[in-house]
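User: I would like to learn how to read a protein structure, feature by feature. Could you take me through one slowly?

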Amino acid sequence: MLNRRQFNQYLLSLPLFSGLVANRVQSANYNFHGVDLPKIGMGTWITFDQNPAQVNLGKYVDILNVFFAAGGRMIDSSPMYGAAQQLLGAVLPKADNTDLFAATKVWIPGKQMGIDQMNQSIKSWGLQHMDLMFVHNLLDWETHLPTLRDWRHQGKIKFIGVTTSHGRRHAELLDVMQNEKLDFVQFTYNINDREAEHRLLPMAADKGIKVIINRPFQTGGLFRRVANKPLPDWAVEIQCVNWAQFFLKFVISHPAVTCAIPATSQVEHMRENMQALKGSLPDHAMRQEMVQYFES
Ligand SMILES: NC(=O)c1ccc[n+]([C@@H]2O[C@H](COP(=O)([O-])OP(=O)(O)OC[C@H]3O[C@@H](n4cnc5c(N)ncnc54)[C@H](OP(=O)(O)O)[C@@H]3O)[C@@H](O)[C@H]2O)c1
């Protein structure tokens with residue numbers, strides 16, 4: 001007699017069944033003003049901070065091509081990330097960019113300084129407009145949000161939001177989410193840092209604010225934590241063959257999460273990360289098992 005887990009493994013071993021599951025792309029499908037975002041996007045902090053004149057652009061074009069070919073859309077950057085926006089501007093026209101959803105941030109105090117910085121970012125990316133503009137780390141958000149609303153009204157951006165990370169300033173973020181009308185919010189959530197489950201994620205769901213998750217691998221720290229640990233046998237039930245999928249599926253299976261933005265400078269890692277769009281996602285019980293196993 002097979003138990004549930006053995007039965008699932010048996011089903012997955014059947015070519016027809018595993019093929020069907022593996023090819024099903026999970027998408028947010030939230031039809032937010034007609035925008036459909038796959039649940040895995042990409043970040044650019046550190047990984048894309050390279051002077052385009054001094055690197056092999058082909059490597060970054062390859063990373064983008066793997067991303068777009070797997071259905072990726074959201075790329076997140078910021079003027080805080082050194083040369084990342086310039087590198088994007090150099091490689092995006094060379095990539096098979098099917099459906100970019102461009103997100104960047106304003107990260108400077110002052111109204112006119114913010115406007116100048118946002119215009120410079122759009123120019124660096126080589127675009128005419130951005131899809132999403134965040135206020136980075138809530139810096140001078142009271143000044144910037146009225147500008148962002150004005151830009152959205154003019155059609156220079158489509159969506160507005162604010163970010164934070166590393167569990168910082170959650171009280172202030174909650175306050176902004178409570179009192180301001182935002183399209184998106186971005187903060188940290190991963191299998192090791194689950195603080196956002198208590199108030200941020202429920203508030204976002206309650207207010208209908210779309211959630212972008214930064215640091216889904218805790219800036220790589222999660223891989224170091226499991227360096228000598230095998231994936232659990234039951235990871236096969238959610239079609240995970242590597243830790244990247246395991247970590248990302250944990251994040252994107254939270255019902256309030258719209259999209260996670262893992263960053264990588266490696267083509268093979270991008271391939272692994274995009275595999276998290278394939279197969280099924282863990283249910284509530286399995287999410288708890290994932291945490292227990294990670295912490296054991
Ligand atoms: N306040 C904010 O607005 C804020 C703050 C933090 C982050 N962010 C955004 O969120 C993005 C993601 O956060 P993050 O960059 O801190 O960290 P992350 O995505 O959690 O982790 C990135 C690290 O994981 C490694 N990695 C990626 N894929 C891997 C794989 N398949 N196997 C093994 N290692 C892998 C990368 O190294 P390799 O290059 O070797 O793959 C890199 O060192 C940022 O890039 C940025 O766009 C925003």
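Analyst: We will go from the overall make-up to helix packing, then to single residues and the ligand. Please keep in mind throughout that this is a predicted model.

User: Which helices and strands should I expect, and how many of each does the protein have?

Analyst: The protein has 12 helices and 7 strands. Buried residues make up 41% of its 296 residues. Among the contacts between residues at least 6 apart in sequence, 79% join residues at least 24 apart.

User: How are two packed helices described?

Analyst: Two packed helices are described by the angle between their axes and by the distance between those axes. Take helix α3, residues 57-69, together with α11: their axes come within 9 Å and cross at roughly 10°. Angles under 35 degrees count as roughly parallel, and α3 and α11 are therefore roughly parallel to each other. On the α3 side the contact is made by K59, D62, I63, V66 and F67, while α11 brings V267, M270, R271 and M274. By class, the residues of this contact of α3 with α11 are 6 nonpolar, no polar and 3 charged.

User: At what angle do the axes of α3 and α4 cross?

Analyst: The axes of α3 and helix α4, residues 84-91, cross at roughly 80° and come within 10 Å. Angles of 65 to 115 degrees count as roughly perpendicular, and α3 and α4 are therefore roughly perpendicular to each other. Here L57, Y60, V61 and L64 of α3 meet L87, A90 and V91 of α4, and the residues of this contact of α3 with α4 divide into 7 nonpolar, no polar and no charged.

User: Where do α7 and α8 lie in the sequence, and how do they pack?

Analyst: Helix α7 covers residues 170-179 and helix α8 covers residues 200-207, and they pack at an angle of about 5° with their axes 11 Å apart. That makes α7 roughly parallel to α8. In this pair, H170, L173, L174 and M177 of α7 meet L200, M203, A204 and K207 of α8, and the residues of the contact of α7 with α8 comprise 6 nonpolar, 1 polar and 1 charged.

User: Which residues of α8 are buried, and what do they pack against?

Analyst: A residue is buried if 20 or more other C-beta atoms lie within 10 Å of its own. In α8 the buried residues are L200, L201 and A204. Seen down the axis of α8, these buried residues fall within an arc of 95°, so they line one face of the helix. They pack against α7, β5 (184-188) and β6 (210-214).

User: What sign does phi have in most residues?

Analyst: Most residues other than glycine have a negative phi, and a positive value is therefore a detail to look out for. Just after α8, G208 takes a positive phi of about 70°. D140 has a positive phi of about 55° although it is not a glycine, and D140 is found in the loop between β3 (130-135) and α6 (141-154). T219, likewise not a glycine, has a positive phi of about 50°, and T219 lies in the loop between β6 and α9 (221-225).

User: Are D140 and T219 buried, partly exposed or exposed?

Analyst: D140 is partly exposed, with 18 other C-beta atoms within 10 Å, and T219 is partly exposed, with 16. D283, found in the loop between α11 and α12 (284-295), counts as exposed, with 12 C-beta neighbours inside 10 Å. The C-alpha atoms of D283 and S253 are separated by 7.4 Å, although the two residues are 30 apart along the chain. G58, in helix α3, is exposed, with 10 other C-beta atoms within 10 Å. G58 and V91 are 33 residues apart in sequence and 8.1 Å apart in space, C-alpha to C-alpha.

User: Finally, which residues come nearest to the ligand?

Analyst: Of the 29 residues around the ligand, G43, W45, S165, N214 and A263 come nearest. By class, this shell has 8 nonpolar, 18 polar and 3 charged residues, and helix α11, residues 267-274, gives the most to the shell, with 3 residues.

How values were computed
Residues numbered from 1 in each chain as written. Predicted model: local features only at pLDDT ≥ 70, side-chain atom pairs only at ≥ 80, totals over all residues. Axes fitted to C-alpha atoms, helices over the stretch in contact; angles between N-to-C directions. Helix = DSSP H or I, 4+ residues; strand = E, 2+ residues; numbered from the N terminus. Parallel < 35°, antiparallel > 145°, perpendicular 65-115°, else oblique. Contact = placed C-beta atoms within 7 Å. Nonpolar A, V, L, I, M, F, W, Y, C, P; charged D, E, K, R; others polar. Arc of directions from axis to C-beta. Near = placed C-beta within 6 Å.
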